[in-house]
Amino acid sequence: MKEQEIRNREALNEYLELVRQDSETLLRDKSSFVSIACPGCASTSHAFQFEKFGFHYVQCRDCETLFVNPRPPYQELKRIYENSRSTKYWVEEFFLPVAEIRREKIFKPRAEFIGAEFPGLSQGRIGDVGAGFGLFLQELKKIWMGADLVAIEPSADMASICRSKGVSVIERMLEEMDPSPQFDLLTAFELFEHIYAPQEFLKKIFSLLKPGGYFLLTTLNGLGFDIQLLWERSKSVFPPNHLNFFNPRAISGLLERAGFETLNVTTPGELDWDIVEGIYQNEGTDPGRFFKTVSDHGTDQAKRELQTWIKNHRFSSHMRAIARK
Ligand SMILES: [Zn+2]
């Protein structure tokens, strides 16, 4: 898979400009901003790293989570997600034009992975938190025809698209659901970087799972290759949307503090090399001398093998964790 197939460079840059404008709006009144302890381990010891779009990113001295601090309160973030030009642009110009390619390259493999990883749940009740357009659940339905699949999706537009595809929907924020143990598996793809209060969020997930139920999440790894190389220049690092960058150790600790048993944390990412090479070759961003040398002189095989190494040794920026209640 190549970055450009699933993410149009011009559309991404336009989206990030709109996000920067959202940030400006939020920064006009910082009186409601909240200073927090580390969202990974609750430590209060952290070091300033950089400013981006006017927000400060700090890194925890204990678990190395990179996070926005102070941050806008939950209600303000919710307003951005529900009603902003950036969200509208993301849906209409960024996601929808590549939705079918993403179905093939991302959502179908994701459903196949779940089918293989949890064979005993094919008749179970499965919830996808932040289900978006329901593409993952649609693909899972093809594999698990007998499963009871539920999208948990607060956006009215996306919820209605899910329903039109025959996916049942709980149309609210997970944070606002009543706790009742009803799910065999909950999934949250690319969501944890956005969450205002990850520990409370996980406790709610825990309360919604049956005993022995599973939780699977994917999120960005702040100790992953492309984020480490580019740091504040990384296009994955943008406030107010991307607030938390955990890492394998931090996410395990976070899950365990919420009562889960962590079964495994992996970094199955395939795009780290490609993301850095794309920004170097197309936008002139300097990724460092060694990267440039490999990019300019390395064979395709050398680059592929490096990506395999990054993935296998848990240094990709795309991280996946599986936990059990
Ligand atoms: Zn920490």
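In this predicted model, four strands line up as an open sheet in the order E1-E2-E3-E9, and the pairing is antiparallel. The edges belong to strand E1 (46-52) and strand E9 (244-245), each of which pairs on one side only. Strands of a sheet pair through backbone hydrogen bonds, in either a parallel or an antiparallel way. Here, E1 and strand E2 (residues 55-60) run antiparallel and are joined by six bridges. Within this pair, Glu51 sits opposite His56 in E2.

Next comes the nonpolar interior. The largest nonpolar core takes in 78 residues, and those with the most contacts inside it are Ala151, Cys162, Leu186, Phe215, Ile251, Leu255 and Ala321. Strand E8 (residues 209-220) supplies the largest share of this core, with six residues. Phe215 gives a good view of who meets whom: setting aside neighbours within four places in sequence, Phe215 is in contact with Leu186, Ile205, Leu209, Phe260 and Ala323. Of these partners, Leu186 is itself among the residues with the most contacts inside the core.

Then there is helix H11 (residues 272-283), twelve residues long. From its first C-alpha to its last, H11 reaches 16 Å, close to the 16 Å expected at 1.5 Å a residue. Asp272, Trp273, Ile275, Val276 and Ile279 are the buried residues in H11. What do the buried residues of H11 pack against? Their partners are helix H1 (3-6), helix H9 (225-230), helix H12 (289-297) and helix H13 (300-312). Just after H11, Gly284 adopts a positive phi of about 75 degrees.

Terms used:
Residues numbered from 1 in each chain as written. Predicted model: local features only at pLDDT ≥ 70, side-chain atom pairs only at ≥ 80, totals over all residues. Pairing = 2+ DSSP bridges. Helix = DSSP H or I, 4+ residues; strand = E, 2+ residues; numbered from the N terminus. Core = buried A, V, L, I, M, F, W, Y, C linked by C-beta atoms within 7 Å. Buried ≥ 20, exposed ≤ 12 C-beta atoms within 10 Å, placed from the backbone. Contact = placed C-beta atoms within 7 Å. Expected span 1.5 Å × (residues − 1).
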